[in-house]
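Trainee: Please take me closely through one part of this model. I would like the barrel, how its strands are paired and what packs against them.

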Amino acid sequence: MNSKKLLCVVKLLILILLAKQNPTYAQQAQIQNNQAWQIKVGAAAIASAPAWVSNDEQVSAVPYFSAQHGNWSFGVENWVKYQLPITTDLTLSWGLNPRADGFDPEFSLFSTWSKDDVFDSYESRDPELLLHSNVQWSWLSIGLAYDVTDNSAASSGNISLTVPVFDNHRGMQIKVSIAADAFSKEYVNYYYGITSQQANLSLGRNEYWVDEYAVKMSMGIQMIYPFNRQWSLMTHLKYTQLDDLIVDSPLIENDNEQQAIMALVYSF
């Protein structure tokens, strides 16, 4: 299992190195000299196809908010984030983000959850607060995160490549991304594991516990289409391939998940 995961990560690293050797677009980190507030508000529609047993597609409409002042940014994508530009290509950042990857969490954007017997009397997991750090080098991003609430005490790492494939210099942008997320065994057991106390063989919820890390591989497409200087349409499509350690959980039915986000945003 570990060899397969390692091979996937190595392949991703090779792809990143090849792309960096022959870049076709320049994507440089901008040093934040503007101390004025930059605020975006709007509404977003989110559709998700989760991997839980017998869980139908989920749809939700939520408000969108993002604010930036100097090196600080706040919003629904990043609760709080501080960016430290080192060069035009290299930026370091730190921040806090929530995580609620479990089944029917206390705080969720969705209200549609599976009614399958396997979830009968299942105790949902509490959301977490992640402290994350990130290194952004042009198209390449490497990040680490840790649960500071100690709900799962899980750590995770991310490596991703986001390539701009279209930019008409009028604001319209299309980017393609590929990423690998590695999660510690604490994450897998917290969200997908079944303890002996939670197990119920009559419901098909057998005990499940792992002693290895898991890797999620994902691909995404992002688009920004500006109507004018204030209004723009943002879309994001994402496909995630789950690790076998997650798929083997009694709570999981599919080996992949999909998500689509469309947001109408006003900037001022």
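**The barrel up close**

Mentor: Start with one pair: glutamine 38 stands opposite glutamine 68 in S2. Keep in mind that this is a predicted model. Glutamine 38 belongs to strand S1, residues 38–49, and S2 covers residues 58–69. The two strands run antiparallel and are joined by 11 bridges. Further along, serine 48 stands opposite glutamine 58 in S2.

Now look at the other neighbour of S1. That is S12, residues 256–267, again antiparallel, with 10 bridges to S1. One of the pairs is valine 41 with tyrosine 266 in S12. With S1 joined to S12, you can follow the whole ring: 12 strands, in the order S1-S2-S3-S4-S5-S6-S7-S8-S9-S10-S11-S12, form a closed barrel with antiparallel pairing. On average, neighbouring strands of this sheet are turned by 20° against each other, direction ignored. As background, strands of a sheet pair through backbone hydrogen bonds, either parallel or antiparallel.

Next, a helix against the wall. H2, residues 185–192, lies across four strands: S5 (90–99), S6 (128–137), S9 (173–183) and S10 (214–226). Against S10 it runs at about 80°.

Stay with S5 for one residue. Leucine 96 lies in this strand. It counts as partly exposed because its relative accessibility is 29%, and that class lies between the cut-offs of 20% and 50%. Leaving out residues up to four places away in sequence, leucine 96 touches Asn78, Trp79, Val80, Leu129, Leu130, Leu131 and His132. Valine 148 is 52 residues from leucine 96 in sequence, yet their C-alpha atoms are 9.4 Å apart.

Then turn to the nonpolar core. In soluble globular proteins, nonpolar side chains tend to be buried together. Here the largest nonpolar core has 32 residues. Those with the most contacts inside it are Trp52, Phe119, Tyr187, Tyr192, Leu251 and Ile252. S1, S2, H2, helix H3 (244–247) and S12 each supply at least two residues. H2 gives the most, with five.

Phenylalanine 119 shows some of this packing. Apart from neighbours within four places in sequence, phenylalanine 119 is in contact with Trp52, Val53, Phe103, Ser114, Arg205 and Leu251. Trp52 and Leu251 are themselves among the residues with the most contacts inside the core.

Definitions and conventions: Residues are numbered from 1 along each chain as its sequence is written. This is a predicted model: local features need pLDDT of at least 70, side-chain atom pairs count only at pLDDT 80 or more; totals for chains, interfaces and linings use all residues. Side-chain values use heavy atoms; hydrogens and water are left out. Two strands pair if DSSP finds at least two bridges between them. Axes are lines fitted to C-alpha atoms, for helices over the stretch in contact, and angles run from 0 to 180 degrees between N-to-C directions. Contact means heavy atoms within 4.5 Å. Buried means under 20% relative accessible area, exposed over 50%, partly exposed in between (1.4 Å probe, protein chains only). A nonpolar core is a set of buried Ala, Val, Leu, Ile, Met, Phe, Trp, Tyr and Cys residues joined through side-chain atoms within 4.5 Å.
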